[in-house]
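Thank you all for coming; please have a look at the sequence and the structure as I put them up, and then I will walk through a few places in the chain.

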Amino acid sequence: MLHFLFLPLLLLAEAYAQSNAVYSGSNTLPTTASSSTSIPNLGGDLLPTGTEVSYQSLTSTKTLYSTGLSGRIENLATTIAVANASAILSPGPSSSSQSPSTSFTLLQGPDPTTPAVNGTATANSTSTRTSTSDQPTNTQPCNNYPELCTRKYSNITEVAAHNSPFVAPNNAAANQALGVIHQLNDGIRMLQGQTHLVNDTVYYCHTSCDLLNAGTAESYYTDIARWVRGHPYDVVTLLIGNGDLTNVEKYIAPLQSSGLARYAYIPPEVPMAIDDWPTLSEMILMQKRVVIFMDYNADQTSVPYVLDQFSQMWETPFSPTDRTFPCTQQRPPGLSREDAEQRMYMANHNLNTELTLVGITILVPTVSLLNQTNNVTGFGSLGAMAQDCNELWSRPPNFLLVDYYNVGSGSVFEVAAEHNNVTYDRSCCGMVPSLASKPSRTNVMLATVVVIIISLLSA
């Protein structure tokens, strides 16, 4: 019965998407209730609204820890020969074979003689020591580049995988073509995804676990922890989308059972301003190399290693449908320019097409324009947005959130490298499963059926 009920609607949706899709507009924070039913679906996400959604407003800094447990060491300036470094850090697949007599791994923290990079820098820059004595040259990459080892975590631009776990061939709710291990191997250093609580277990599901179920959070975190353990010179960021506004304590079990919590960075204070963050070297030396953010309902007093996102990092317009990708601050709402300049920020660059049919709003990833969207130059490109952001805020974004990062054969990483003042010379990307790069028209329709049925039955 439902099949016959929704078939005309599906045909209308398909025809509308093929002939009348408009790649412009905005996804703004609503000030009044909408007359249409808005649901996040099909690879795009609409802004969470309602009285349950809240943003933390921290008017003062709260100290959490004052010891090395925080992962931050004041005035750390340590030069470690490879022979000594191997005793502290277990070598992984990313480590290169080096001779202690000819090569050194230089891992150092802030040096009193080195001025901090100010907010007017046009690109993330490499700090240098001003000592007159010769210093060993660092040959060990941190996050793929030796130059990044001495930079603050907050002074680096990284590529982020939007909905990282959602890899499903021919499923319109997918946002990536390659799994998390491929993503990390290729250079992704922020993993974002939407979670839901099902039978008291945290799952990574897109809108509904009936639409796209990527498995349990523990399974996903186990894969990440295994990769982190094998790559001791890399710092990874995890951004948890708390789709059901679940109590943060529900995430303790999967984070601990997976082994990921042991690497979690605990900041010394809340919130962390942009200049408060440690360098990658400091985090690597302490082996606190995973920064975990949660968008809603984080509580750093009860779970100090799950950081509240919006008190420490803002975002440009969410699930953008405007190809100009304005670099304006959207979440958290009401943030002043002065406060925004003291926080990291993420550029949302995952283009969507918004369709409204019979009162239901549908967001579909604009896969047909991925080559332009992920490009280094040109209208609507990631490179153009990053440059606009750099000019508007006097510093580039900390994270560039993209769909199907592999489309463009590394172009998204080239954009990040440009703003890090380094040269991208790596190969990309991992093998893409057959038919996985773009959802088919048939599966777009099938996914639309599921979403519409779910939304109407739950109304």
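Let me begin with a question: with which residue does Lys 250 form a salt bridge? Before I answer, please keep in mind that what you see is a predicted model. The partner is Asp 200, and the closest N and O atoms of the two residues are 2.5 Å apart. This pair links distant parts of the chain, since Lys 250 sits in the loop between S9 and helix H5, residues 252-257, while Asp 200 sits in the loop between S6 and strand S7, residues 201-205, with 50 residues separating them. As for the surroundings, Lys 250 is partly exposed, with a relative accessible area of 35%, whereas Asp 200 is exposed, at 55%.

The salt bridges in this model come to 5, and I would like to show you two others. One of them joins Asp 234 to Arg 189, with the closest N and O atoms 3.0 Å apart. Asp 234 belongs to the loop between helix H4 (217-230) and strand S9 (236-242), and Arg 189 to the loop between helix H3 (180-186) and strand S6 (190-198), so this pair ties together parts that lie 45 residues apart in sequence. Here Asp 234 is buried, with a relative accessible area of 4%, and Arg 189 is buried as well, at 2%. The other salt bridge is formed by Glu 341 and Arg 337, whose closest N and O atoms are 2.9 Å apart; Glu 341 is partly exposed at 35%, and Arg 337 is partly exposed at 38%.

Now let us turn to a pair of strands. Strand S15, residues 352-357, runs antiparallel to S16, and 6 bridges join the two; one of the pairings is that of Leu 357 with Ile 360 in S16. Together S15 and S16 make a hairpin with 2 residues between them, and in that turn Val 358 has a positive phi of about 40°. Is S16 mostly covered or mostly uncovered? Strand S16, residues 360-365, is mostly covered, as 6 of its 6 residues are buried. Ile 360, Ile 362 and Val 364 point one way from the strand, Thr 361, Leu 363 and Pro 365 point the other way, and all of these are buried.

Finally, please find Asn 371, which lies in helix H8, residues 370-373. Leaving aside residues up to four places away in sequence, Asn 371 touches Val 407 and Gly 408. Asn 371 and Val 407 are 36 residues apart in sequence, yet their C-alpha atoms are 6.2 Å apart in space.

Note on methods: Residues numbered from 1 in each chain as written. Predicted model: local features only at pLDDT ≥ 70, side-chain atom pairs only at ≥ 80, totals over all residues. Heavy atoms only, no water. Helix = DSSP H or I, 4+ residues; strand = E, 2+ residues; numbered from the N terminus. Contact = heavy atoms within 4.5 Å. Buried < 20%, exposed > 50% of the residue type's maximum accessible area, 1.4 Å probe, protein only. Pairing = 2+ DSSP bridges. Salt bridge = Lys/Arg side-chain N within 4 Å of Asp/Glu carboxyl O.
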